[in-house]
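Me: I have a structure open and would like to learn how to read its features one by one. Could you take me through it?

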Amino acid sequence: MTYSYIVSITASLLLLTGHSMYGQNTLINYGANWHYSDLGSEPASQGSLTWKATTYDDNQWLQGNAQLGYGDNDEATTINNQIITGYFRHEFQVNNPASYENLDLNLLYDDGAIVYLNGVEIWRVNMPGGSISYSTFSSSTSSDDAMAIVNLSTSLVSGTNVLAVEVHQRSATSSDISFDFKLVGNPAGSVNISRGPYLQKASPSSMIVRWRTSTATESVVHYGTSQGSLNQTASDMSLKTEHIMEVSNLAADTKYFYDIANASNVLLNTSTDLF
């Protein structure tokens, strides 16, 4: 295994982590419990209510924790391996929707997906335009456990909210479906990470950490050889949204943990898989 391949795997893992960011609230986390339908057809409507609607009764659907899917042997819940489209619903509560200015949506999928919030489509990933049915295939083949991230204006309501997702295969002979999701609410004025972090240009003594923020802010990386002692800092106090920070003078063949911050606060806390 080459060093660059190890870096690629590590960078991919970072996109899947469920870290808390300063000033944000995780409304749905990776690994959450979902109702799902895997009957080989689009779920039947209930009068005028389609399966996407907030008040649709999904009590007869199966339930399981994400990652949901089949074919990759990394699923927490394995669903019917004969289907070409899977349907997923998750209910969550919001006391004060006005406290959130926008939302970060983090989708793990294979091969395409459409996301609905309270019955309204808000995001389409690797899917053709127009009307979609159970038999609609994705626009192309995705990588296994592909990730997509987007920041959108909020359409939350007070009380019960429902996120619904349909995940489509590329073809009838595709061998796997994968699904997981994280939804984060961002308060007004907060600085949030909208992409990354991810790693680039590794050498035996240095690494570049990149990330993107929704508003311009300083670039700070605290790092160290243990999570409890991030005793070194790399920083750039100029304001920007695209952050490229080189961490240098590293010891070869050594694991370093890190967090992401600005001049005032930690934006992404360190964890066992942020290294």
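The dialogue below goes through strands, cores, buried charges and salt bridges.

Reply: Happy to! Please keep in mind that this is a predicted model.

Me: Let's begin with a strand. How many residues of strand β6 are buried?

Reply: A general idea helps here: in a regular strand the side chains alternate between the two faces of the sheet. In this structure, β6 spans residues 85–94 and is mostly covered, with 8 of its 10 residues buried.

Me: Which strands does β6 pair with?

Reply: Strand β2, residues 33–37, pairs with β6 in the antiparallel sense over 3 bridges. Strand β11, residues 159–168, also pairs with β6 in the antiparallel sense, over 10 bridges. If you want to find these pairings on screen, look for His35, whose bridge partner in β6 is Arg89. For the β11 pairing, look for Phe88, whose bridge partner is Val165.

Me: Now the interior. Which residues touch the most other members of the largest nonpolar core?

Reply: The general idea is that in soluble globular proteins, nonpolar side chains tend to be buried together. Here the largest nonpolar core has 45 residues, and Trp34, Phe92, Leu163, Phe179 and Phe181 touch the most other members. Trp34 is a good one to click on: beyond four places in sequence, its contacts include Ile28, Leu62, Phe88, Leu163, Phe179 and Phe181. Arg89 and His90 are also among the residues that Trp34 touches. Apart from that core lies another one, of 18 residues, among them Leu199, Met207, Ile260 and Leu268.

Me: What about charged residues inside? Where does Asp38 lie, and what does its side chain reach?

Reply: Asp38 lies in the loop between β2 and β3. Asp38 is buried yet has no salt bridge, and the nearest side chain of opposite charge, Arg89, is 14 Å away. The side chain of Asp38 does reach the backbone nitrogen of Asn80, at 2.9 Å. Leaving aside neighbours within four places in sequence, Asp38 is in contact with Leu62, Ile79, Asn80 and Ile83.

Me: And Asp180: in which strand is it found, and how far away is the nearest side chain of opposite charge?

Reply: Asp180 is found in strand β12, residues 177–187. Asp180 is buried without a salt bridge, and the nearest side chain of opposite charge, Lys182, is 10 Å away. Its side chain reaches the backbone nitrogen of Gly31 at 3.2 Å. Not counting residues up to four places away in sequence, Asp180 touches Tyr30, Gly31, Ala66, Gln67, Asn106, Leu107 and Leu108.

Me: How many salt bridges does a search of the whole structure find?

Reply: In general, side chains of opposite charge can pair when their charged atoms come close. The search finds 4 salt bridges in the whole structure. One of them joins Glu121 and Arg124, with the closest N and O atoms 2.8 Å apart. Glu121 is partly exposed at 35% relative accessible area, and Arg124 is partly exposed at 26%.

Me: Which parts does the salt bridge between Arg212 and Glu242 tie together?

Reply: The closest N and O atoms of Arg212 and Glu242 are 2.6 Å apart. Arg212 lies in strand β14 and Glu242 in strand β15, so the pair ties together parts that are 30 residues apart in sequence. Arg212 counts as partly exposed, at 31% relative accessibility, and so does Glu242, at 34%.

Me: How far apart, N to O, are the side chains of Asp236 and Lys240?

Reply: They meet in a salt bridge at 2.7 Å, N to O. Asp236 is partly exposed at 29% relative accessible area, and Lys240 is partly exposed at 22%.

Notes
Residues numbered from 1 in each chain as written. Predicted model: local features only at pLDDT ≥ 70, side-chain atom pairs only at ≥ 80, totals over all residues. Heavy atoms only, no water. Buried < 20%, exposed > 50% of the residue type's maximum accessible area, 1.4 Å probe, protein only. Helix = DSSP H or I, 4+ residues; strand = E, 2+ residues; numbered from the N terminus. Pairing = 2+ DSSP bridges. Core = buried A, V, L, I, M, F, W, Y, C linked by side-chain atoms within 4.5 Å. Contact = heavy atoms within 4.5 Å. Lys, Arg positive; Asp, Glu negative; His and termini not counted. Polar contact = N/O pair within 3.5 Å; in protein donor to acceptor, adjacent residues only side chain to side chain.
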